Amino acid sequence: MRELQTGLWCWQATHPEWTPASTEGWGPEVSSYAIDDGARLLLIDPLALPSEIDELAARRDPVVLLTNPWHERDARSLVERLDAPVFVPRPDEFNDDVAWLRDDLERLEKDGRVYSAGDRLPIGVEAFAGRLRNDLVLWVEGHRALVVGDTLVDLGRGLELPADWLPKSVTREQAVEALRPLLDLPVELVLPTHGAPTDRAALERALS
């Protein structure tokens with residue numbers, strides 16, 4: 001686990017569904033993040049909480065925040081164990097990974113916990129359009145940090161927007177144009193799920 005800034009941590013863990021035959025080019029290690037504002041502890045795409053973060057969650061109001069529905073990972077168990085709310089983009093469909101959301105979706109929507117691009121969440125986070133309608137980019141202004149989910153990834157070639165991860169109807173040029181508003185933000189840290197934390201220069205290269 002690394003503390004990237006005061007109150008902002010990153011750690012990596014092995015994704016439970018990864019196999020050597022994975023066809024999307026990503027390795028077994030994925031990144032999760034935690035942000036402490038003194039009252040709340042945001043757990044972003046959490047997987048395998050380090051003991052230090054687990055202990056801190058007991059002293060804060062924990063919140064689980066997913067950049068997309070399929071990053072459920074350990075979300076369900078944490079929501080139940082920590083009695084934590086969860087914020088999530090609306091699933092397109094309910095497969096085995098996110099079926100647990102089905103019964104709670106109406107309540108989550110009523111409580112404002114199902115979010116979309118353009119929303120300002122009541123936890124100090126703003127949602128921007130990402131690679132897909134429900135694969136979103138999160139702006140944490142207090143840390144000048146951009147959480148990019150699966151929209152921008154590092155598969156060993158540096159931060160990038162892989163063309164083969166886009167919908168077939170969307171070109172890379174179209175996707176880059178849609179993401180350019182991110183460059184208007186005073187970004188200092190870029191936090192991908194696939195790959196290590198990086199900086200604004202890497203963001204600029206990925207969207208060039």
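Author: Let's begin with a term: a polar contact is a pair of N or O atoms within 3.5 Å, one able to donate a hydrogen and the other to accept it. Keep in mind that the model here is a predicted one.

Reader: Fine. What makes the Asp150 and Trp70 side chains a polar contact?

Author: Their distance is 3.0 Å, and the cut-off is 3.5 Å, so the pair qualifies. Asp150 itself sits in the loop between β11 and β12 (153-154).

Reader: Why is Asp150 said to have no salt bridge?

Author: The nearest side chain of opposite charge is that of Arg131, 4.3 Å away. A salt bridge needs the side-chain nitrogen within 4 Å of a carboxyl oxygen, so Arg131 misses out. Asp150 is buried all the same.

Reader: What does Asp150 touch, leaving aside residues up to four places away in sequence?

Author: Asn68, Trp70, His71, Arg131, Asp135, Trp165, Thr193 and His194. Arg131 is in that list because contact is counted within 4.5 Å, a looser limit than the 4 Å of a salt bridge.

Reader: Which pairs do pass the salt-bridge test, and what makes them pass?

Author: The structure holds 10 salt bridges. Among them, Asp36 and Arg60 have their closest N and O atoms 2.8 Å apart, and with a limit of 4 Å that pair counts. Asp36 lies in strand β3 and Arg60 in the loop between α1 and β5, so the bridge ties together parts 24 residues apart in sequence. Asp54 and Arg81 come in at 3.1 Å; this pair links helix α1 to helix α2 (residues 75-82), with the two positions 27 residues apart in sequence. Arg157 and Glu160 pass too, at 2.6 Å.

Reader: Why are Asp36 and Arg60 put in separate burial classes?

Author: Buried means under 20% relative accessible area, and partly exposed runs from there up to 50%. Asp36 has 16%, so Asp36 is buried, while Arg60 has 23% and is therefore partly exposed. Asp54, at 25%, also counts as partly exposed.

Reader: And Arg157 and Glu160: buried or exposed?

Author: One of each. Arg157 has 60%, which is over the 50% line, so Arg157 is exposed. Glu160 has 18%, so Glu160 falls under the 20% line and is buried.

Reader: What makes the phi of Asp45 worth a remark?

Author: Phi is positive there, about 45 degrees, although Asp45 is not a glycine. Asp45 lies in the loop between β4 and α1 (51-57) and is buried, at 1% relative accessible area. Arg144 also has a positive phi without being a glycine, near 50 degrees. Arg144 is found in the loop between β10 and β11, where a relative accessible area of 39% makes this residue partly exposed.

Reader: Why is strand β6 described as covered on both faces?

Author: In a regular strand the side chains alternate between the two faces of the sheet. In β6 (residues 86-89), Val86 and Val88 are on one side and Phe87 and Pro89 on the other, and all are buried.

Reader: How do you know which strands β6 pairs with, and in what sense?

Author: Pairing takes at least two bridges. Two bridges join β5 to β6, and these strands run parallel; Leu65 has Phe87 as its bridge partner. Strand β7 (residues 114-115) is also joined to β6 over two bridges, again parallel, with Val88 opposite Val114.

Reader: What makes Leu65 stand out in the largest nonpolar core?

Author: Of the 21 residues in that core, Leu65, Tyr115, Ile123 and Val125 touch the most other members. Several strands each supply at least two residues, including β3 (29-36), β5 (61-65) and β9 (125-132), and β10 gives the most, with three. Beyond its sequence neighbours, Ile123 touches Arg40, Leu42, Val63, Leu65 and Phe87. There is also a second, separate core of 20 residues, which includes Phe128, Leu182, Leu185 and Ala202.

Reader: Last one: why is Asn134 called buried?

Author: Its relative accessible area is 2%, against a limit of 20%, so Asn134 is buried. Asn134 is in the loop between β9 and β10, and a polar atom of its side chain lies 3.0 Å from the backbone oxygen of Arg90.

How values were computed
Residues are numbered from 1 along each chain as its sequence is written. This is a predicted model: local features need pLDDT of at least 70, side-chain atom pairs count only at pLDDT 80 or more; totals for chains, interfaces and linings use all residues. Side-chain values use heavy atoms; hydrogens and water are left out. A nonpolar core is a set of buried Ala, Val, Leu, Ile, Met, Phe, Trp, Tyr and Cys residues joined through side-chain atoms within 4.5 Å. Buried means under 20% relative accessible area, exposed over 50%, partly exposed in between (1.4 Å probe, protein chains only). Helices (H or I, at least four residues) and strands (E, at least two) are DSSP runs, numbered from the N terminus. Lys and Arg count as positive and Asp and Glu as negative; His and the chain ends are not counted.
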